[in-house]
Amino acid sequence: MQKAFRLVLGLWVVAMALPALAAPKWVRISYTGDTAHTMTVTWNEGPAAGTVEYGTDTSYGGSASATADSVGGEIGVIHEATLTGLSPDTVYHYRVGGSGDWSADYAFRTGPDDVCAPFSFGVAADNRSDFSGSSGCWPQVYSAIADQGAHFVINSGDLVEDGKNHDEWEDFLDKSEGLMAKYPIMSCLGNHDDDNVDGDAAIYNRIFALPRNSDNQVEDFYSFDYGNVHFAAISTESFKDGTTRYQRQRDWLDADLTATDKMWKVVFFHVPIYSSGDHGSNEDDHNAIFIPIFDKHHVDLVLNGHDHIYERYHPMKANQQVSSYEEGTCYLVSGGGGAACDPIYLFRSKEKGLAVFDPIPKHHYVHISVANNVMHIKA
């Protein structure tokens with residue numbers, strides 16, 4: 001009996017030492033394809049064989065299997081599944097997990113397939129902390145955007161302080177918990193988000209599910225359509241290669257904007273074209289490269305961050321102020337998502353063409369509504 005008792009005890013100890021299966025967490029949604037008929041769902045941890053159950057009510061009825069990417073560290077395992085064949089402008093309920101270990105129920109609304117359908121989106125960037133991870137203000141900014149009824153959020157980068165560190169992204173995901181499951185973030189790389197590697201192997205690229213471009217199939221620069229708006233993201237932090245600087249991205253953007261038939265064209269990236277802030281204009285010498293492309297295709301709106309201020313410029317074309325936005329592009333700097341605002345901005349000289357600025361910069365976001373041929377911008 002004594003020997004048998006020790007054997008049973010030993011087995012019991014081993015069983016108790018096995019790690020418990022972590023519940024699904026950091027559920028997030030994003031667009032990687034047709035915004036009216038698909039949605040990509042991503043989450044961390046949970047059962048190894050991840051599944052999304054979804055439907056127009058909480059009885060679900062549909063399911064999609066996820067791929068798994070073991071990142072390790074604080075990030076753990078990332079699951080990703082794309083839901084297809086969805087109806088446009090429809091609310092879907094969903095949960096993630098499997099094997100009896102499910103997340104809470106969440107809901108999202110698909111995009112419209114009617115180009116005249118009105119919608120709105122939020123703009124916020126530079127929500128990093130000044131020390132580690134994301135700012136404590138970020139959940140308030142994200143919640144305020146959601147309260148305005150935005151369908152999704154454009155973020156032009158600097159989500160964390162140091163993109164090479166797993167714990168920074170853990171902090172960002174913690175602070176975005178719940179909100180990312182309902183309101184997609186469509187982001188681009190900021191200088192603080194950058195890694196020691198480019199493309200798929202970077203932590204940023206593994207955490208976020210974004211569209212892949214037609215040039216080199218990475219997510220660093222990409223485009224998507226929502227309603228009657230064509231959005232294009234470029235990267236000021238990676239893939240600067242080519243015979244001339246940024247040639248790969250410039251040529252891709254030229255072809256991408258040529259192909260779209262949408263009424264509105266919006267381009268977003270981190271380092272601003274025009275800015276009166278700490279970094280000023282043309283910091284990375286990309287103005288001469290991209291402004292001709294914006295002018296050629298009459299890009300309506302260019303969204304940037306990097307400087308922790310708010311500025312909007314008069315319509316600009318060929319680096320000069322012109323008479324109307326029908327002729328020129330609206331350039332907007334919005335870097336008020338959480339990092340410390342520029343304390344001495346008030347005393348800096350202002351860039352030519354500056355139309356509106358916040359003299360004492362504050363944390364903020366921008367709400368943009370689109371209704372057919374009218375775009376309304378409110379900071």
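A cavity is a set of grid points where a 1.4 Å probe fits but cannot get out, whereas a pocket is an open set of points. By this rule, the predicted model holds 2 cavities of 30 Å³ or more. Rolling a probe the size of a water molecule over the atoms shows where empty space is left.

The largest cavity has a volume of about 70 Å³. Its lining consists of Arg28, Ile29, Ser30, Thr42, Met180, Ile185, Ile207, Phe208, Ala209 and Leu210. Strand S1 (residues 25-30) contributes the most to this lining, with 3 residues. By class, the lining of the largest cavity comprises 7 nonpolar, 2 polar and 1 charged residues.

The second largest cavity encloses about 30 Å³ of space. Among the residues that line it are Leu189, Val197 and Ala202, together with Asp193, Asp194, Asp195, Asp198 and Asp220. Gly199, Asn205 and Ser238 also belong to the lining of this cavity. The class count for the second largest cavity is 3 nonpolar, 3 polar and 5 charged residues.

The open spaces come next. The largest pocket has a volume of about 320 Å³. Its lining is formed by Met263, Trp264, Asp300, Leu301, Tyr310, Arg312, Tyr325, Glu326, Cys330, Asn373, Met375 and Ile377. Strand S17 (310-313) and strand S23 (374-378) each provide at least two of the lining residues. The lining of the largest pocket divides into 8 nonpolar, 1 polar and 3 charged residues.

The second largest pocket contains about 230 Å³ of space. Of the 14 residues that line this pocket, Glu80, Asn205, Arg206, Arg212 and Glu219 lie nearest its centre. Strand S5 (67-72), strand S6 (76-83) and helix H4 (203-207) are the elements that give two or more residues to the lining. S5 gives the most, with 3 residues. By class, the lining of the second largest pocket has 5 nonpolar, 3 polar and 6 charged residues. Asn205 is thus named in the lining of the second largest pocket and also in that of the second largest cavity.

Finally, the outer surface carries a nonpolar patch of about 460 Å², made by Ile344, Leu346, Phe347 and Ile360. Where does Ile360 sit in the chain? Ile360 is found in the loop between strand S21 (354-357) and strand S22 (366-371). Ile360 counts as exposed because its relative accessible area is 57%, and the exposed class begins over 50%.

Conventions: Residues are numbered from 1 along each chain as its sequence is written. This is a predicted model: local features need pLDDT of at least 70, side-chain atom pairs count only at pLDDT 80 or more; totals for chains, interfaces and linings use all residues. Side-chain values use heavy atoms; hydrogens and water are left out. Patches are made of residues with over 30% relative accessible area and no salt bridge: like charges are joined within 9 Å, nonpolar side chains (Val, Leu, Ile, Met, Phe, Trp, Tyr) within 5 Å. Accessible areas come from the Shrake-Rupley method with a 1.4 Å probe; for residues, only the protein chains shown count as cover. A salt bridge is a side-chain nitrogen of Lys or Arg within 4 Å of a carboxyl oxygen of Asp or Glu. Helices (H or I, at least four residues) and strands (E, at least two) are DSSP runs, numbered from the N terminus. Buried means under 20% relative accessible area, exposed over 50%, partly exposed in between (1.4 Å probe, protein chains only). On a 1 Å grid over the protein atoms alone, a cavity is a set of points where a 1.4 Å probe fits but cannot get out, and a pocket is an open set with protein on both sides within 12 Å along at least five of seven lines; lining residues have an atom within 4 Å of a point. Grid points are joined across faces, edges and corners, and a volume is the space filled by probe spheres set on the points. Ala, Val, Leu, Ile, Met, Phe, Trp, Tyr, Cys and Pro count as nonpolar, Asp, Glu, Lys and Arg as charged, and the others, Gly among them, as polar.
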